[in-house]
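Colleague: I'm new to this one. Could you walk me through a few features?

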Amino acid sequence: MIPDAAELQRRARKLLPRNVYDYYAGGSGRERTLRANEKAWRDVWLAPRVLREVSAVDTATRLLGTEFATPLAVAPTGYQGMAHPDAELATAAGAARAGALFVLSTRSSRRIEEVAEVVAAAGGAWWFQVYMMRDRDLTAGLVRRAAAAGAAALVLTADTPVVGRKRRDSGEIAAGQEFLVNLGPLADMSAAAQAADVTFADIGWLSAAAGTRLPVVVKGVLRADDALACREHGAAGVIVSNHGGRQLDGAMPSAFALPGVAGGLRARGDGEVYADGGIRSGEDALTALALGARAVFLGRPALWALACGGADGVRSLLAGLTDDLAHAMALAGAATVAEAAGIAAAMPPWPARIAASGQN
Ligand SMILES: Cc1cc2nc3c(=O)[nH]c(=O)nc-3n(C[C@H](O)[C@H](O)[C@H](O)COP(=O)(O)O)c2cc1C
């Protein structure tokens with residue numbers, strides 16, 4: 001059966017309190033970027049190859065040196081305790097059992113060390129996402145703990161100097177301070193607020209703060225020049241992302257940005273490129289791989305799967321979408337993830353369209 005992310009979302013909507021559902025589902029501003037994200041992958045047409053040997057399609061991929069069974073990964077999302085009592089422990093276990101990478105949010109509702117144990121027990125690997133907080137010592141403390149607990153990389157979220165304003169009108173979420181489980185009580189909550197003065201130099205700061213040589217991936221990059229600057233400042237890779245339409249409303253969909261970022265880095269010959277935002281099917285994932293991503297991250301679909309089925313829900317979502325991806329790869333004549341690169345053929349003339357819309 002083809003996994004249906006929309007059906008999972010419908011079921012989660014019935015299960016979750018309205019304010020929690022709206023917090024997860026919503027985007028910033030008028031939700032223009034949120035709406036465009038899913039559609040943009042479907043505006044890209046693929047040019048499948050024929051007469052290729054695809055009797056054994058292999059979805060395995062290597063991310064920063066670690067082998068995963070699937071290029072589908074779980075994006076960092078905060079406050080998972082509102083979706084399921086097992087929270088990040090369940091999401092992390094489900095991902096590891098599916099052979100997928102899990103990224104733990106700074107705003108995790110569970111302790112970093114507990115999540116690390118669950119992933120290790122299932123033989124998986126995880127990365128730690130970092131929101132640079134105003135109090136750098138607080139940030140450094142979290143990063144050191146993640147490194148000590150076995151995170152394989154750090155993900156610096158770069159698109160959130162301030163938190164996007166979300167307008168769905170359903171009141172405050174109940175668990176806004178759940179993440180304090182990792183910080184302890186704070187005399188001054190502003191210490192944990194987003195730092196608005198983060199620059200490319202902080203890529204090196206973060207790496208040094210970890211106390212070990214952990215690779216840093218920058219998340220939220222939409223421009224080739226920024227991706228190159230990240231590389232020049234020591235980042236191992238970038239995630240092309242607009243934060244699932246939750247930061248700048250009007251920021252371009254990831255599918256628009258990915259070819260430019262991947263092409264820019266390829267021209268320099270290095271750096272890994274990943275993407276997220278609106279990926280809901282195996283075909284969407286194949287499209288992202290075709291446009292140059294090495295892995296794709298799922299945000300909301302993993303939350304819906306967690307809410308509906310805990311660890312097993314997350315595992316079966318990832319396994320189902322991976323199977324769906326393998327099927328699409330066979331149809332596209334790509335036996336490996338590497339062979340999927342470059343099968344995107346026709347894309348709308350986006351720059352022209354953007355220019356034209358400016359004149360209307
Ligand atoms: C409820 C929610 C919470 C999120 N929390 C974080 C976070 O703590 N850190 C982060 O870097 N990104 C966060 N994101 C963004 C995701 O990592 C990812 O970029 C986005 O969800 C991908 O889009 P998708 O939901 O359409 O798959 C969050 C997204 C959602 C929906």
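Modeller: Sure, and keep in mind that the model is predicted. Let's begin with Tyr79, which sits in the loop between β4 (72-74) and α4 (87-97).

Colleague: What is the phi of Tyr79?

Modeller: Tyr79 isn't a glycine, yet its phi is positive, about 55°.

Colleague: And is Tyr79 buried or exposed?

Modeller: Buried means under 20% relative accessible area. Tyr79 has 7%, so it counts as buried.

Colleague: Where is Glu31 found?

Modeller: Look in the loop between α2 (18-25) and α3 (32-42). Glu31 is not a glycine either, and its phi is positive at about 65°.

Colleague: Why does Glu31 count as buried?

Modeller: Because its relative accessibility is 14%, and the cut-off for buried is under 20%.

Colleague: Now for pockets. How do I read those?

Modeller: The general idea is that rolling a probe the size of a water molecule over the atoms shows where empty space is left. Here, the second largest pocket holds about 590 Å³ of space. It is lined by 31 residues, and Ala158, Asp159, Thr160, Pro161 and Gly220 are the closest to its centre.

Colleague: Which elements give two or more residues to the lining of the second largest pocket?

Modeller: Those are β7 (154-157), β8 (216-221) and α8 (224-232). β8 gives the most, with 3 residues.

Colleague: How many nonpolar, polar and charged residues does that lining have?

Modeller: Sorted by class, the lining of the second largest pocket comes to 19 nonpolar, 9 polar and 3 charged residues.

Notes. Residues numbered from 1 in each chain as written. Predicted model: local features only at pLDDT ≥ 70, side-chain atom pairs only at ≥ 80, totals over all residues. Heavy atoms only, no water. 1 Å grid on protein atoms, 1.4 Å probe; cavity = no way out; pocket = protein on both sides within 12 Å on 5 of 7 lines; lining within 4 Å. Points joined across faces, edges and corners; volume = space filled by probe spheres on them. Helix = DSSP H or I, 4+ residues; strand = E, 2+ residues; numbered from the N terminus. Nonpolar A, V, L, I, M, F, W, Y, C, P; charged D, E, K, R; others polar. Buried < 20%, exposed > 50% of the residue type's maximum accessible area, 1.4 Å probe, protein only.
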